[in-house]
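Student: Could we go through this model together? I would like to see how each label follows from the values.

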Amino acid sequence: MTFQLRGAADEAGWRGTAFLFFLSVCAGAVGALGQAPRDLPLAMLLGVAGAFLLFAACTSPRRAALVGWAFGLGWFAVALHWIVEPFQVDAARHGWMAPFALVLLSGGLALFWGAAFGIARRFSTGVMLLVPVWAAAELVRAYVLTGFPWAAPAQALVDRMAGQGLAFVGPHGMNLAIFALACLPAFIHRRRGNNGQSSLAALIMLAGIMPVVLPVPQGAARMTDHWVRLIQPNAEQHLKWQPENARRFLDLQLALTARPAAGQTSGPDLVIWPETAIAWRLDQAAPVLEAIRSVTDAQVVLGVLRAEEGRLRNSLVHLGPDEGQQIYDKHHLVPFGEYLPLAPLADALGLAALAQTGPGFAPGPGPAVLDFGALGQGMPLICYEAVFAHDVNAAPQRPAFLLQITNDAWFGQFAGPHQHLAQARMRAIEQGVPVLRAANTGISAVIDPRGRIAAHLPLGRADALDARLPAPLGRTFYSRFGDMTAMVLIAAWTGLLLLLRFGATKADRRPDR
């Protein structure tokens with residue numbers, strides 16, 4: 001296959017390049033089927049393996065970069081097709097932007113992968129260097145320009161035994177492992193004259209596929225004696241901010257909060273409402289907070305907007321049993337959704353209208369933990385913040401649980417909410433702590449420390465979910481060392497290959513004696 005592709009790409013001119021581009025886009029589209037809600041990790045491996053075979057067919061860095069970019073374009077276009085959904089909330093004003101958003105986002109993210117493929121081919125004629133360089137590109141994608149690590153290959157493993165490796169090496173270490181496994185077919189093809197190396201690589205490949213296929217064993221997690229209630233009002237985005245609907249959704253959440261607990265001797269210890277659960281700003285919401293306290297004795301968490309120094313903040317308010325309040329402000333904001341990057345330049349270019357929040361939200365100071373009394377310390381995450389493993393790892397102290405409030409109504413009813421849930425499950429595995437997730441339209445869930453869903457409410461249902469709070473596991477390796485482990489592995493792999501290449505080149509240049 002590699003020989004035929006090499007011939008097509010290098011001898012057939014633009015037709016060969018177009019053919020290579022088409023195959024790369026198709027391979028990326030297949031690989032993206034590993035993402036939720038399709039959840040086909042073998043398709044993910046097949047697509048990534050195809051990318052390595054296509055990379056092996058490239059003799060120049062420029063052509064390799066094209067293959068990497070085209071593969072990324074196919075991958076992100078399929079995985080992130082839900083990005084058009086926010087523009088349909090007010091389709092008359094923003095609908096025309098939807099296709100441009102999908103193309104620009106997919107093409108922009110694909111640049112990271114195109115650069116990785118080009119750099120790997122520049123410094124090596126084999127396929128092994130692409131493994132750490134591609135993993136490094138994914139690590140950079142999680143950080144640069146505030147980061148956007150959505151749809152990473154490791155995300156496809158959350159339901160499989162291999163996904164438990166997140167507790168040790170985190171998402172970037174697992175990306176490295178995926179690339180190492182997926183490169184083996186191309187390695188075997190290139191070593192087809194060496195039966196020993198090919199046989200060993202085939203055995204490693206078969207052994208590596210097993211944990212990708214096997215599901216996480218089901219079993220009851222260790223539970224605490226505390227009960228939580230997740231409130232899911234199912235307030236559609238185009239309705240929730242209308243004045244005539246604000247009171248209706250508030251009354252619904254109050255009723256769900258006050259509902260008697262089924263099969264319990266007492267009510268819940270903690271009630272969680274979703275992001276922006278009420279239509280009133282915090283400084284205007286005293287009657288609402290009083291109404292909440294009047295229907296339950298439990299601690300209550302809810303999302304609310306609040307104003308400070310003339311700027312809005314996307315916040316979480318914790319109402320304690322002693323009339324006290326704790327406030328957390330979202331610190332990792334969504335570009336273009338909650339703030340406009342390079343706002344002065346965008347305003348000069350007439351692009352300020354792209355921001356849906358005017359001047360945008362003000363960010364909070366950073367990761368934090370709140371005191372939930374007998375339940376322990378909890379780390380709040382507002383929507384998008386659950387996407388960033390390194391932010392969760394930056395908590396000032398290890399929490400007993402993560403608490404995510406979100407409004408996934410922006411993401412539609414198909415792939416977006418499922419992928420967001422998958423990332424919350426990744427955070428549970430990485431930290432070894434449960435996640436309590438209250439989502440406006442779903443999917444609300446209690447997630448145990450191994451990333452398994454202990455209880456959930458499906459998309460599109462207005463309801464409340466009562467469940468026991470799972471107990472945390474011991475501190476994980478990843479929670480101790482974060483992304484440093486992946487960085488060391490990537491650097492070690494890259495350095496070893498470059499040293500071997502340097503040594504081989506030096507030996508080739510040595511005169512015969």
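Tutor: Happily; let's start with the lining of the largest cavity. In this predicted model, that lining divides by class into 9 nonpolar, 5 polar and 3 charged residues.

Student: What makes Pro149 and Arg427 lining residues of the largest cavity?

Tutor: A lining residue has an atom within 4 Å of a grid point of the space. The largest cavity has 17 such residues, and Pro149, Pro171, Val387, Met426 and Arg427 lie nearest its centre. Two or more residues each come from α8 (166-182), α15 (389-392) and α16 (415-431).

Student: Which class does each of those five belong to?

Tutor: Pro, Val and Met count as nonpolar and Arg as charged, so Pro149, Pro171, Val387 and Met426 are nonpolar, while Arg427 is charged.

Student: Why is this space called a cavity rather than a pocket?

Tutor: In a cavity a 1.4 Å probe fits but cannot get out, whereas a pocket is open. The search of the whole structure finds 2 cavities of 30 Å³ or more. The largest cavity holds about 120 Å³, so it passes that cut-off.

Student: How do you know that the second largest cavity passes the cut-off too?

Tutor: Its volume is about 90 Å³, set against a limit of 30 Å³. Among its 13 lining residues, Lys240, Phe249, Gln253, Ala277 and Ile278 are the closest to the centre. Helix α12 (residues 243-258) gives the most to this lining, with 4 residues. By class, the second largest cavity is lined by 9 nonpolar, 3 polar and 1 charged residues.

Student: And what lines the second largest pocket?

Tutor: That pocket has a volume of about 330 Å³ and 14 lining residues, with Ser124, Gly126, Met128, Arg191 and Leu497 nearest its centre. Both α9 (184-190) and α18 (484-509) supply at least two residues, and α18 gives the most, with 4. The classes are 8 nonpolar, 3 polar and 3 charged.

Student: Why is Gly126 counted as polar?

Tutor: The class scheme puts Gly among the polar residues, so Gly126 is polar here.

Student: Turning to helices, why is α3 called roughly antiparallel to α4?

Tutor: The axes of α3 (residues 41-56) and α4 (residues 61-79) come within 9 Å and cross at roughly 160°. Angles over 145 degrees count as roughly antiparallel, so α3 and α4 earn that label. The crossing is right-handed.

Student: Which residues meet there?

Tutor: From α3, Met44, Gly47, Val48, Ala51, Leu54 and Phe55 meet Ala64, Val67, Phe71 and Trp75 of α4. This contact has 9 nonpolar residues, 1 polar and no charged.

Note on methods: Residues numbered from 1 in each chain as written. Predicted model: local features only at pLDDT ≥ 70, side-chain atom pairs only at ≥ 80, totals over all residues. Heavy atoms only, no water. 1 Å grid on protein atoms, 1.4 Å probe; cavity = no way out; pocket = protein on both sides within 12 Å on 5 of 7 lines; lining within 4 Å. Axes fitted to C-alpha atoms, helices over the stretch in contact; angles between N-to-C directions. Parallel < 35°, antiparallel > 145°, perpendicular 65-115°, else oblique. Left-handed = near helix turned anticlockwise from the far one by under 90°. Contact = heavy atoms within 4.5 Å.
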